[in-house]
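Let's take a friendly walk through a protein model, one piece at a time. Keep the picture in view while you read.

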Amino acid sequence: MLDTGTRIVMVGGGVMGRTVTAGLLRAGHSAEQVLLCGRDPERAAATAAELGVTNAPTAEAVPGADVVVLAVKPQDMDAALGQVRPALTAGTVVLSLAAGIPLAFLQARLPQGTAVVRAMPNTPSQVGQGMSAISPDPHCTSEQVELARGVLASTGLVTTLPERYQDAVTAISGSGPAYLFFVVESMIESGVHLGLPRSTATELVVQTLFGAATMLKETGEHPTMLREMVSSPGGTTVAAMRELEDHKVRAAFLSAMEAAARRSKDLSDGVVDDD
Ligand SMILES: NC(=O)C1=CN([C@@H]2O[C@H](COP(=O)(O)OP(=O)(O)OC[C@H]3O[C@@H](n4cnc5c(N)ncnc54)[C@H](O)[C@@H]3O)[C@@H](O)[C@H]2O)C=CC1
Ligand SMILES: O=C(O)[C@@H]1CCC=N1
């Protein structure tokens with residue numbers, strides 16, 4: 001929990017801006033502690049009202065903030081930094097949530113010596129079960145790192161890692177919820193193919209995912225061991241696993257995550273599409 005006097009400015013009121021704001025409020029921070037700035041003033045005002053926080057233009061919100069959270073798309077980061085920079089006061093921590101935007105890119109567009117933290121959160125932060133990895137730059141004091149960590153700790157677990165791991169983190173936990181939702185969709189559809197009512201298939205799959213995740217967390221057992229517990233010799237599970245192996249699902253996961261990490265790296269290298 002951050003001090004009651006800590007002022008947080010959220011730049012961007014999209015998925016992650018809303019998620020982190022909601023997380024801060026859910027963790028018990030007061031609505032007065034969070035100011036939300038959007039690109040479109042009307043939409044930003046509506047989003048802020050919906051979340052119960054205050055809305056202000058970036059130029060008014062940023063001065064005096066303890067933490068400025070950059071929750072804009074990588075493609076919009078340059079413009080957002082152009083608005084934040086002139087309003088930034090000494091000591092403010094800038095916390096970027098953007099995929100593929102390196103600390104060096106942020107530092108180059110902010111006053112020299114600004115405390116910058118690169119982070120990769122994920123959407124389960126909406127329900128207090130997020131996973132974030134933070135990489136502080138060397139200008140940050142330990143108090144400033146704790147401020148950045150405190151913002152994301154309101155939404156789930158936070159780990160600190162060297163920046164060189166951020167492309168891999170983005171591929172695994174940043175994008176990760178999408179892969180798992182895809183697996184869930186596929187299993188529900190399979191249940192429907194097998195004749196189950198859709199609502200029944202959904203309940204079975206969602207609770208199975210929740211149960212399996214809880215087992216992984218609570219037992220600390222290796223997933224291979226947990227999978228073997230389900231796999232009776234000559235039984236149903238091995239029959240299904242054989243199909244997954246034949247269809248190279250493991251290899252597909254490896255290629256998929258390599259593609260995500262590569263895309264994150266491409267963004268880092270400045271290969272940013274305009275779409
Ligand atoms: N959606 C996800 O699962 C995750 C997203 N991220 C990162 O979070 C960042 C934001 O992503 P989303 O929230 O999904 O995108 P989004 O498109 O939902 O939200 C971005 C918001 O930023 C606003 N914006 C753009 N320029 C602005 C400016 N100059 N000032 C104020 N607001 C501005 C846009 O109007 C939009 O509302 C991205 O950089 C993304 O890589 C990181 C982890 C997970
Ligand atoms: O798809 C993306 O680029 C963002 C970053 C991680 C999750 N969503």
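A handy definition comes before the tour: a residue counts as buried if 20 or more other C-beta atoms lie within 10 Å of its own, as exposed if 12 or fewer do, and as partly exposed in between. Please also keep in mind that this is a predicted model.

Let's try the definition out. Is Pro 74 buried, exposed or partly exposed? Pro 74 has 17 other C-beta atoms within 10 Å, so this residue is partly exposed. Lys 73 is partly exposed as well, because 15 C-beta neighbours lie inside 10 Å. Lys 73 sits in the loop between β4 (67-70) and α4, and Pro 74 is found in that loop between β4 and α4 too. In an unreviewed entry, UniProt gives the feature "binding site" to Ala 71, Val 72, Lys 73 and Pro 74.

**The whole chain**

Now step back and look at the chain as a whole. It has 275 residues, and 35% of them count as buried. Its secondary structure comes to 12 helices and 8 strands. Along the principal axes, the C-alpha atoms fill a box of roughly 65 × 35 × 35 Å. Among contacts with a separation of 6 or more, 68% join residues that are 24 or more positions apart.

UniProt also lists residues 7-100 as "domain: Pyrroline-5-carboxylate reductase catalytic N-terminal", again in an unreviewed entry. This span is 37% helix and 19% strand, and its end C-alpha atoms lie 26 Å apart.

**The sheet**

Strands of a sheet pair through backbone hydrogen bonds, either parallel or antiparallel. In this model, 8 strands form an open sheet with mixed pairing, in the order β3-β2-β1-β4-β5-β6-β7-β8. Which strands are at the edges? They are β3 and β8 (156-160), each of which pairs on one side only.

Let's zoom in on β2 (residues 34-37). Val 34 and Leu 36 point one way from this strand, while Leu 35 and Cys 37 point the other way, and all are buried. On one side, β2 pairs with β1 (residues 8-11) in the parallel sense over 4 bridges. To get from β1 to β2, the chain crosses through α1, and this β-α-β crossover is right-handed. β2 also pairs with β3 (residues 54-55), in the parallel sense over 2 bridges. Here the chain crosses from β2 through helix α2 (residues 41-51) to β3, in a β-α-β crossover that is right-handed.

The table below shows who faces whom across these strands.

| Residue | Opposite residue | Strand of the opposite residue |
|---|---|---|
| Met 10 | Leu 36 | β2 |
| Leu 35 | Thr 54 | β3 |
| Leu 36 | Asn 55 | β3 |

Leu 36 appears twice: as the bridge partner of Met 10, and opposite Asn 55 in β3.

**Around the ligand**

Our last stop is ligand 1. Which residues come nearest to it? Of the 28 residues around ligand 1, these are Gly 12, Gly 14, Val 15, Ala 98 and Ala 99. The elements that give two or more residues to this shell are α1 (15-26) and α4 (77-84). Sorted by class, the shell around ligand 1 holds 14 nonpolar, 10 polar and 4 charged residues.

Conventions
Residues are numbered from 1 along each chain as its sequence is written. Chains are lettered from A and ligands numbered from 1 in the order in which they are written. This is a predicted model: local features need pLDDT of at least 70, side-chain atom pairs count only at pLDDT 80 or more; totals for chains, interfaces and linings use all residues. A residue is near a molecule or strand if its C-beta atom, placed from the backbone, lies within 6 Å of it. Ala, Val, Leu, Ile, Met, Phe, Trp, Tyr, Cys and Pro count as nonpolar, Asp, Glu, Lys and Arg as charged, and the others, Gly among them, as polar. Two strands pair if DSSP finds at least two bridges between them. A crossover is right-handed if, with the strands pointing away from the viewer, the path from the first strand over the helix to the second runs clockwise. UniProt positions are given in the numbering used here, feature names are shortened, and annotations may be inferred rather than shown by experiment. Two residues are in contact if their C-beta atoms, placed from the backbone, lie within 7 Å.
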